[in-house]
Structure formats: C-alpha cells, structure tokens
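Welcome to a short tour you can follow in your own viewer. Open the file, get your selection tool ready, and take the stops one by one.

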Amino acid sequence: MTDLNTDALLGLVKPSVRAMGAYTLRPYEPRIKLNQNENPWDVPEEVKARIAALLADRPWNRYPPFVASNFIAAVSEATGWPEEGVLVANGSNELIQSVLAVVVGPGTSVVIPEPTFTLYRLMTEVNAGEVVSVPLAEDLRFDVDAIIRAARESRASVVVLCTPNNPTGAALTLDEIVRIHDETEALVLADQAYVEFGGADAIPLLREHPRLVVLRTFSKAMAMAGLRAGYMLAHPALTAEVNKAKLPYNVNFFTEVAAAEVLRARHLLEPGVAKLREERDRLIREMSAIPGLRVYPSEANFWVFRVESPNIKHTMLFQRLLDEHGILIRDVSKYPMLDDCLRVNVGAPEENDAFLGAVRAIMEEAR
C-alpha cells in the first residue's frame, strides 16, 4: 500500500462524520448465540424448496427486476396496503437510511426516544440533522408527553419510534402512536421490526394518518436475517419521494423471490413465533425470581435485565456466561439509562434452559 498522509486523506471526510462512532459488533463464535435477536428456527424446508425451484433457472448474469414487483405484490397482499405505497429494500435499515436522507438536512430536528436502536442517531447525524433525545421513563417505557413536547418545541421534522423498542422491549399503544401523530407536525417513523412478538400493529392507522410511516423487517420473526429484506408502508406521495433515495437494483433476485415466498407462507412460521412469545414470558418470569437481577418487561423477542448484586458486576456475568458456558448475550450497558444492563434474546427451549441454568449457577455462587 502506498504511503500517504492520512490526515490529508481524512480531511476530505466531513468532520461531523469523523467525530461519530461506527455501528460495530465484536465477532464471537459461541456455542449458544442469544445476542442478535434472531429467530432460532430457520425457514421451513418446504418453503426453501419452493424458493430453490423458482430460482433454479434464473440467470446470474442479468440484473434483477428494476422494480421488485413480486415482492411488492406480496407485501400489498399481506398488509392490504396499495402497491404504490410500498417500498422494499435490502433490510429495513436501508429504509431508515432512505427516509432520513430525504427529510433530514442541516439543522433538521429529529426526536428520538432513547435508549433505542443507535442507527437512527447515526443516520440523522450523517445527514447533518440535530438529534433531540427524549429519555425513556424510569421503568424504560416511552414518555409520550415528553416526546410530544420535544417535537413541538424543536419543530421536529421526524419523530422516530421503535415499537417494540430495541433494546428495552417496551411498546406503544395505538392510541399513543395516534397522539404523537396528531399532536405534532412531524413525520412519524414507526420501526416495527419486532411487532410480531407483541405490541400494537400500526398498519391499520396508515389510512387516516398520512404522516405515519411503518417499517417491517424479515430478519426477526420471518427468519431471514441472512438474506436481508424489509419493507416500508406510507402514503404513496411520500413513498415516491423516499424512492429517490433508494439505490437502483437494491434488492437482488434471490431476496426478491425468497421474501415474497416466505411472506406468502407466513402461516407456517406463526407456530414458532407463538412459541417464542411463550418462552419469552417464561424466561422473564423465571429470571425475575433470581436474587440480584432486575428484569424489565418486554413485548419483543428479547429482554433487558440489570445486575444489581453487590457481589458480581454485569461485565463478569457476561464474560462467565461466554467463557464457562459458551453463551453469548449482549452487553448494552453503554446505552443511556442502561448502566449494568445486559440483553438476551429468546432462543430454542433447550438454549433458554441452558442460559437460565448458567445464570442461576453464577448468581448463586456470587451470593
């Protein structure tokens, strides 16, 4: 590599971007992986076989369709929302990026209840917008009055609502979403990546609330994290504008076919999703009985707990789970309001039992 003056090179990058931290995740190879809110069960084999048959004769040397009409039609069929109000993308993260790109510019205020998914802040700041952070309530639920007040006072162009919220699991009711829409003048971006596990489905609100945007992903309940697919539902006029920020050919032909087929076969995934909801409730109930832990309620496929024991730090519990039991969870203690907190997602029942047993043993030894 040619030697160069890195200061001069990086001087071409916007100072605001250089000052930001990147979205990163440290790689591990655990025995049991409970850190990324994935579905522990794969897409059913019969659906995979149907997808493989549909893809068998597709030429790889040709571009995918410019408009992913098959995927869009499947979304419209599943949601009852008109095709002209649907955008599909390479994961819902791309749609977060696209929505904020067309709305946010220098000085634009974006209200973000925090702690939440850090990509919202990152994308706002990359676009030179100003984040108006609204802390969650002490119980890690949304403070709706504070969100509305902040949006009004800052004349916010966007209010971002992750509901159920990552990493805390709290969800807004339909009435609360309506209040935020009707009592502000902002675009309300409802990221509902985890709504299949709990919380209110905001899609029925779309027809009467034109500033509402709903995002969905295939990475969680739909068991397609490895393929990256997501969609957006919004007023067709807004969809046409957001489409300008979407890269051409953003959905490859494999994902386009697979997402459409999985969506049409979603009834085959629902028993697994129902089982994950049952397991979540069981795990939260059993963990709440372990002395030294404070477990927060959740409507997602994960939950947060705080290590309050004076005899063991959260970092030690995290490391011992990994080193001694091969179980990887997520340290979220760097998020605001989440000191000493860890997050764990629901796995298969045998993985959940292994996690519970390990936590009980470590906490008992600490006592």
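**Stop one: a parallel neighbourhood**

Select Ile112 in strand 3 together with Ser133 in strand 4: these two residues are bridge partners. Keep in mind as you look around that this is a predicted model.

Now follow the chain from strand 3 through helix 6 (residues 119–126) to strand 4; this β-α-β crossover is right-handed. Widen the selection to all of strand 3, residues 109–114, and strand 4, residues 130–135: they run parallel and are joined by six bridges.

Next, add strand 5 (residues 158–162), which also runs parallel to strand 3 and is joined to it by two bridges. To spot this pairing, pick Val110 and its bridge partner in strand 5, Val158.

Are the two faces of strand 3 covered or open? Both are covered. Ser109, Val111 and Pro113 lie on one side, Val110, Ile112 and Glu114 on the other, and every one of them is buried.

**Stop two: an antiparallel group**

Jump to strand 10, residues 302–307, where six of six residues are buried. Phe302, Val304 and Arg306 point one way, while Trp303, Phe305 and Val307 point the other.

Strand 9 (residues 293–295) pairs with strand 10 in the antiparallel sense over three bridges, and a hairpin of six residues connects them. Select Leu293 to find Val307 opposite. Strand 13 (residues 341–345) is another antiparallel partner of strand 10, with five bridges; here, Trp303 partners Val344.

**Last stop: the surface**

Finish with Tyr63, Phe66, Val67 and Tyr249, a nonpolar surface patch with about 480 Å² of accessible area together. Val67 sits in the loop between helix 3 (45–55) and helix 4 (69–79).

Key
Residues numbered from 1 in each chain as written. Predicted model: local features only at pLDDT ≥ 70, side-chain atom pairs only at ≥ 80, totals over all residues. Heavy atoms only, no water. Patch = residues over 30% accessible without salt bridge, like charges linked within 9 Å, V, L, I, M, F, W, Y side chains within 5 Å. Areas by Shrake-Rupley, 256 points an atom, 1.4 Å probe, with all protein chains shown as cover. Salt bridge = Lys/Arg side-chain N within 4 Å of Asp/Glu carboxyl O. Helix = DSSP H or I, 4+ residues; strand = E, 2+ residues; numbered from the N terminus. Buried < 20%, exposed > 50% of the residue type's maximum accessible area, 1.4 Å probe, protein only. Pairing = 2+ DSSP bridges. Right-handed = clockwise from strand over helix to strand, strands pointing away.
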